Amino acid sequence: MRRLLAGFLLCCLPACGTRDDLAGELSVDSDEYGAWTMSPTTCVSGEHRQFFGVDLTERGDNGTGVRIVDDPVDGYSLAMNIPDEDLAIVLTPESECEVFDVLVERGNVRVNDIWAIQGHATVECRSPGFEIVADLTFSGCT
């Protein structure tokens, strides 16, 4: 159901020229890695890091973050940093989630050759000792 990536780090560059519009929350409860929640306050287009998607973070919190990717070969994925670990939990449509509704699309604004990104992620994954619930919307991410 889950895949862990070593060395997954999010790098955030301040957005300029557009207004980020973010809403929602991600919560994780894992017997192995503990429980945490995050409500993103910053979003950055993946174009800065050579992928189509966004990085969502909470301002002032360097331990959590979410990367949402629309890969042309592998499709959608949602990766969450594990606080105080050099690992991330990665979910895909094959992750046996009850709900995996993810959309990433290009907006109609371009700032410094970076297209604004918008979309949403609604995910519910539950198994013994493990639960992830995300209801996130984002737009204006440059």
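**Figure 1. The order of elements along the chain is β-β-β-β-β-β-β-β-β-β-β from the N terminus on.** This overview shows a predicted model. The secondary structure amounts to 11 strands and zero helices. Of the 142 residues in the chain, 44% are buried. The accessible surface is about 7300 Å², and carbon and sulfur atoms account for 45% of that surface. If you enjoy looking at contacts, take those between residues at least 6 apart in sequence: 52% of them join residues at least 24 apart.

**Figure 2. An open sheet is built from five strands in the order E3-E2-E11-E10-E9.** The pairing in this sheet is antiparallel. Strand E3 (34–38) and strand E9 (99–111) are the edge strands, and each of them pairs on one side only. On average, neighbouring strands of the sheet are turned by 10 degrees against each other, direction ignored. The next three views visit pairs of strands from this sheet.

**Figure 3. Strand E2 meets strand E3 through five bridges.** E2 spans residues 21–30, and the two strands run antiparallel. To find your place in this pair, start from Ser27, whose bridge partner in E3 is Thr37.

**Figure 4. Strands E9 and E10 pair over 10 bridges and form a hairpin.** The pairing here is antiparallel. A handy landmark is Leu103, which stands opposite His120 in E10. Two residues lie between the strands of this hairpin, and Asn112 has a positive phi near 50 degrees. Asp113 also belongs to the loop between E9 and strand E10 (114–127). Its phi is positive too, near 65 degrees, in a residue other than glycine. Such values catch the eye because most residues other than glycine have a negative phi. Is Asp113 buried or exposed? Asp113 is exposed, because its relative accessible area of 56% is over the 50% cut-off.

**Figure 5. Strands E10 and E11 form a second hairpin view, with two residues between them.** The strands run antiparallel and are joined by 10 bridges. Within the pair, Thr122 stands opposite Asp135 in E11. The turn contains Gly129, with a positive phi of about 80 degrees.

**Figure 6. A disulfide joins Cys43 to Cys141, with 2.1 Å from S to S.** The torsion about this S-S bond is about -100 degrees, so the disulfide is left-handed. The link connects distant parts of the chain: Cys43 sits in strand E4, whereas Cys141 sits in strand E11 (residues 130–141), 98 residues apart. Both Cys43 and Cys141 are buried. How many disulfides does the count come to? There are two disulfides, and the other one is the subject of the next view.

**Figure 7. Cys97 and Cys125 form a disulfide, with their sulfur atoms 1.6 Å apart.** The link is right-handed, with 75 degrees about the S-S bond. It also ties together distant parts of the chain, 28 residues apart: Cys97 lies in the loop between strand E8 (87–91) and E9, and Cys125 lies in strand E10. Cys97 and Cys125 are both buried. Counting the bonded cysteines along the chain, the disulfides follow the pattern 1-4, 2-3.

**Figure 8. Gln50 has a positive phi, near 70 degrees, in a residue other than glycine.** Look for Gln50 in the loop between strand E4 (42–45) and strand E5 (53–57). Is Gln50 buried or exposed? Gln50 is exposed, because its relative accessible area of 71% is over the 50% cut-off.

**Figure 9. Thr64 lies in the loop between E5 and strand E6 (66–71).** Thr64 counts as buried because its relative accessibility of 6% is under the 20% cut-off. Which residues does Thr64 touch, not counting residues up to four places away in sequence? Thr64 touches Trp36, Met38, Thr57, Glu58, Asn81 and Pro83. Among them, Trp36 and Met38 fall within the residue range of edge strand E3 (34–38), and Thr57 falls within that of strand E5 (53–57).

How values were computed: Residues are numbered from 1 along each chain as its sequence is written. This is a predicted model: local features need pLDDT of at least 70, side-chain atom pairs count only at pLDDT 80 or more; totals for chains, interfaces and linings use all residues. Side-chain values use heavy atoms; hydrogens and water are left out. Two strands pair if DSSP finds at least two bridges between them. Helices (H or I, at least four residues) and strands (E, at least two) are DSSP runs, numbered from the N terminus. Axes are lines fitted to C-alpha atoms, for helices over the stretch in contact, and angles run from 0 to 180 degrees between N-to-C directions. Buried means under 20% relative accessible area, exposed over 50%, partly exposed in between (1.4 Å probe, protein chains only). A disulfide is a pair of cysteine sulfur atoms within 2.5 Å. Contact means heavy atoms within 4.5 Å. Accessible areas come from the Shrake-Rupley method with a 1.4 Å probe; for residues, only the protein chains shown count as cover.
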